[in-house]
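Dear colleague,

Please find below the structure I should like to hand over to you. My notes on it follow directly after.

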Amino acid sequence: MILFIKLLLAHLLGDFLFQPTKWVIHKSAHKISSRYLYFHVLIHFVLVLLLLGNYTHWRIALVIALSHFVIDLGKLYSEPRFKNRSVPFFIDQFLHIMILFGCAYYGNIIGQIDYLLGLIDWGLVTAIFFLTFPSAILMNVLLEKMSKQISLDHKSLPNAGKYIGMIERLFVLVFIITGRWEGIGLLITAKSVFRFNDLKESNSRKLTEYILIGTLLSFGLAIITGLIYLSFG
């Protein structure tokens, strides 16, 4: 309600105090080409920002300014059709107030969203995201030359390696944040067990080295990311 009252005050000041009769006459005569129409809209934008006292509400001020421009323009072009000139005036004011009410409601929602966003650990969000697709692309670039030197005879699920790498890096990050470093060793052991049959059947030293380098690189990225988060998070 306080937000709506401030917006209403800004509207009353802009429409009735800071709008000389000269501007009104000039707008009626020149309509969209009137420079005073744009001055009028700019004044509303500035008044909203000043009365709200918070630059983060620039979106509300912008919505009010743009809607004010559209509504005033509609009034200017529709006025000649009305015999009673008070009708477009009241319609104009009614539409403005409805916009103000909507912005006040919107501003309340934005305030709640901003509060919730303030609770988010953006460092952790960034770390999590980095260890998914960006790290997968980075590893693909680093291991590209090596991957061309090995041949996999067995079939695997599409992109399985990429998603397994993402999951394992996220597990490593969780272990580091919670201080469970022993979990990383357990994860490496589990991966080695699952990979044992592949390495045994292929009997390829290049494949073994490729998997080892990829594993160490994946775990290394996750460990470095986790340590950076603990240092600066």
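Helices H1 and H3 cross in a right-handed manner. In this predicted model, the axes of H1 (residues 2-17) and H3 (residues 35-52) come within 9 Å, and the crossing angle is roughly 145 degrees. On the H1 side, the contact is formed by Leu3, Lys6, Leu7, Leu9, Ala10, His11, Leu13, Gly14 and Asp15; H3 contributes His40, Ile43, His44, Leu47, Val48, Leu51 and Leu52.

A second helix pair is H9 (residues 160-177) with H11 (residues 205-232), packed at an angle of about 35 degrees with axes 9 Å apart. The crossing of H9 and H11 is likewise right-handed. Residues of H9 at this contact include Gly165, Glu168, Arg169 and Val172, and they meet a set in H11 that includes Ser218, Phe219, Ala222 and Ile223.

Turning to the surface, Phe82, Val87, Ile91, Phe94, Leu95, Ile97, Met98 and Phe101 make a nonpolar patch of about 670 Å². One of these residues, Leu95, lies in helix H5 (residues 86-118). Leu95 is classed as partly exposed because its relative accessible area is 37%, between the limits of 20% and 50%.

Proline 158, by contrast, is situated in the loop between helix H8 (144-147) and H9. Its relative accessibility is 70%, so proline 158 counts as exposed, the cut-off being over 50%. From proline 158 to glutamine 93 the separation is 65 residues in sequence and 61 Å in space, taken from C-alpha to C-alpha.

With kind regards

Technical notes:
Residues numbered from 1 in each chain as written. Predicted model: local features only at pLDDT ≥ 70, side-chain atom pairs only at ≥ 80, totals over all residues. Heavy atoms only, no water. Patch = residues over 30% accessible without salt bridge, like charges linked within 9 Å, V, L, I, M, F, W, Y side chains within 5 Å. Areas by Shrake-Rupley, 256 points an atom, 1.4 Å probe, with all protein chains shown as cover. Salt bridge = Lys/Arg side-chain N within 4 Å of Asp/Glu carboxyl O. Helix = DSSP H or I, 4+ residues; strand = E, 2+ residues; numbered from the N terminus. Buried < 20%, exposed > 50% of the residue type's maximum accessible area, 1.4 Å probe, protein only. Axes fitted to C-alpha atoms, helices over the stretch in contact; angles between N-to-C directions. Left-handed = near helix turned anticlockwise from the far one by under 90°. Contact = heavy atoms within 4.5 Å.
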